[in-house]
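Open the model in your viewer and keep the selection tool handy. We will walk through it stop by stop, starting with one chain and then moving across to its partner.

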Amino acid sequence: MIDILIRFAVGGLVVSVFSVIGDMLKPKSFAGLFGAAPSVALATLALTVRSEGAAYAAREAHSMMAGCIAFFIYVSAVSWIIMRYKLKTLWVAVGAVPVWFAVAFGLWWIR
Amino acid sequence: MPIEVHPSALKRTKWHEYLVRFVFGGLITAAAGIIAKKFGPEVGGLFLAFPAIFPATATLVEKHETEKKREKGQNDIVRGRDAAAFDAAGSAMGSVGLFVFAVLVLQFIQGHSLWLVLAGATLCWLAASVLTWWIRMRVL
């Protein structure tokens, strides 16, 4: 339980720091780079190496590559749909999350 | 296109909006650990690139941009949505850097200093992301 709470606190903090940096930047396309910051990865890997070892963290990093490809396709789809159809951002961003799951788990399954 | 830093933009963000991103970031980090323990590091690792706070961030971009237009007397929702779409396009370019980060961690985390690897991979994420953005702006 302590481990989960530490992960929650460290993850929330690292994610918030990168978000604040992105909030301050212009143009928006440049600020968006910080939406793909390795915030969750930094918090997770730092704690994982200490508890499970470097080999375990390397296996996580290997899978993370599939997650990155899924992230790229997800945000590209969100950008295109909003630009093309001018729909409400929240609906598109939440509605497209299954795209991330489909690509990430599809790549993990065929690896 | 020049890059500008506007610390005053932080005043637009309300405390509960900071809280939402902290909670979502914390939840996905905790969840990634739990999933890795239950289903193995291969499944847990996927969630290191999960768009945990992206919907919240993109929604804030739309909201703040629409508010700015409203203050100028324009009721232009489309401009707010365009800003969110540009932000998402920037995240797509940043994901190239995120992939570079994952490759470097995979290659060097075993047998090297943890902090050196994470710091080096983060710097390379930034460099690869900015380079991708710069090339994209030059080409199109």
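**Stop 1: chain A as a whole**

Start by colouring chain A by secondary structure: along the sequence its elements run α-β-α-α-α-α-α. That amounts to 6 helices and 1 strand. Remember as you look around that this is a predicted model. If you align the view to the principal axes, the C-alpha trace of chain A spans about 45 × 40 × 25 Å. Of its 111 residues, 50% count as buried. Now turn on contacts within chain A, keeping pairs at least 6 apart in sequence: 55% of them join residues at least 24 apart.

**Stop 2: two exposed residues of chain A**

Select A:I2, which lies in helix 1 of chain A. Is A:I2 buried or exposed? It counts as exposed, because it has 6 C-beta neighbours inside 10 Å, and the cut-off for that class is 12 or fewer. Add A:S19 to the selection and draw a distance between the C-alpha atoms: 17 residues separate the pair in sequence, and 26 Å in space.

Next, jump to A:I110 in helix 6 of chain A. A:I110 is exposed as well, because its count of C-beta neighbours inside 10 Å is 7. A C-alpha line from A:I110 to A:L45 covers 25 Å, for two residues 65 apart along the chain.

**Stop 3: backbone details in chain A**

Show the backbone as sticks for this part. Most peptide bonds are trans, and most residues other than glycine have a negative phi. Two places are worth a look with that in mind.

- Select A:K26 and A:P27: the peptide bond that joins them is cis, with omega at about 0°. A:P27 sits in the loop between strand 1 and helix 2 of chain A.
- Select A:K86, in the loop between helix 4 and helix 5 of chain A. This residue is not a glycine, yet its phi is positive, near 55°. A:K86 counts as partly exposed because it has 14 C-beta neighbours inside 10 Å.

**Stop 4: crossing to chain B by a strand pair**

Stay with A:K26 and bring chain B into view. The bridge partner of A:K26 is B:E4, in strand 1 of chain B. The two strands involved, strand 1 of chain A and strand 1 (residues 4-5) of chain B, pair in the antiparallel sense over 2 bridges.

**Stop 5: the contact between the chains**

Now select every residue in contact across the two chains: you should pick up 73 residues from chain A and 76 residues from chain B. On the chain A side, at least two residues each come from helix 1, strand 1, helix 2, helix 3, helix 4, helix 5 and helix 6. Helix 4 of chain A gives the largest share of that side, 25 residues. Colour the same side by class and you will find 49 nonpolar, 16 polar and 8 charged residues. For the complex, the predictor gives an ipTM of 0.95 and a pTM of 0.94.

**Stop 6: helix 1 of chain B**

Select residues 15-39 of chain B, which form helix 1. This helix has 25 residues and reaches 36 Å from its first C-alpha to its last, close to the 36 Å expected. Its buried residues include B:F22, B:F24, B:I28 and B:A36. What covers the buried residues of this helix? The cover includes helix 1, helix 3 and helix 4 of chain A, together with helix 2 (41-46) and helix 3 (54-71) of chain B. Just after helix 1 of chain B, look at B:G40, where phi is positive at about 100°.

**Stop 7: helix 4 of chain B and the core**

Move on to helix 4 of chain B: its 32 residues reach 46 Å from first C-alpha to last, close to the expected 46 Å. This helix is mostly covered, with 25 of its 32 residues buried.

Finally, display the largest nonpolar core, which has 75 residues. Its largest share, 17 residues, comes from helix 4 of chain B. Which residues have the most contacts inside the core? They are A:F71, B:A102 and B:V105. Centre on A:F71 to end the tour: leaving out residues up to four places away in sequence, A:F71 touches A:A36 and A:W100, along with B:A49, B:P51, B:S95 and B:L98. As for confidence, chain B has a mean pLDDT of 92, and 99% of its residues reach 70 or more.

Technical notes
Residues are numbered from 1 along each chain as its sequence is written. Chains are lettered from A and ligands numbered from 1 in the order in which they are written. This is a predicted model: local features need pLDDT of at least 70, side-chain atom pairs count only at pLDDT 80 or more; totals for chains, interfaces and linings use all residues. Helices (H or I, at least four residues) and strands (E, at least two) are DSSP runs, numbered from the N terminus. The expected span of a helix is 1.5 Å times one less than its number of residues. A residue is buried if 20 or more other C-beta atoms lie within 10 Å of its own, exposed if 12 or fewer, and partly exposed in between; C-beta atoms are placed from the backbone. Two residues are in contact if their C-beta atoms, placed from the backbone, lie within 7 Å. Ala, Val, Leu, Ile, Met, Phe, Trp, Tyr, Cys and Pro count as nonpolar, Asp, Glu, Lys and Arg as charged, and the others, Gly among them, as polar. Two strands pair if DSSP finds at least two bridges between them. A nonpolar core is a set of buried Ala, Val, Leu, Ile, Met, Phe, Trp, Tyr and Cys residues joined through C-beta atoms within 7 Å. pLDDT is the predictor's confidence in each residue, from 0 to 100.
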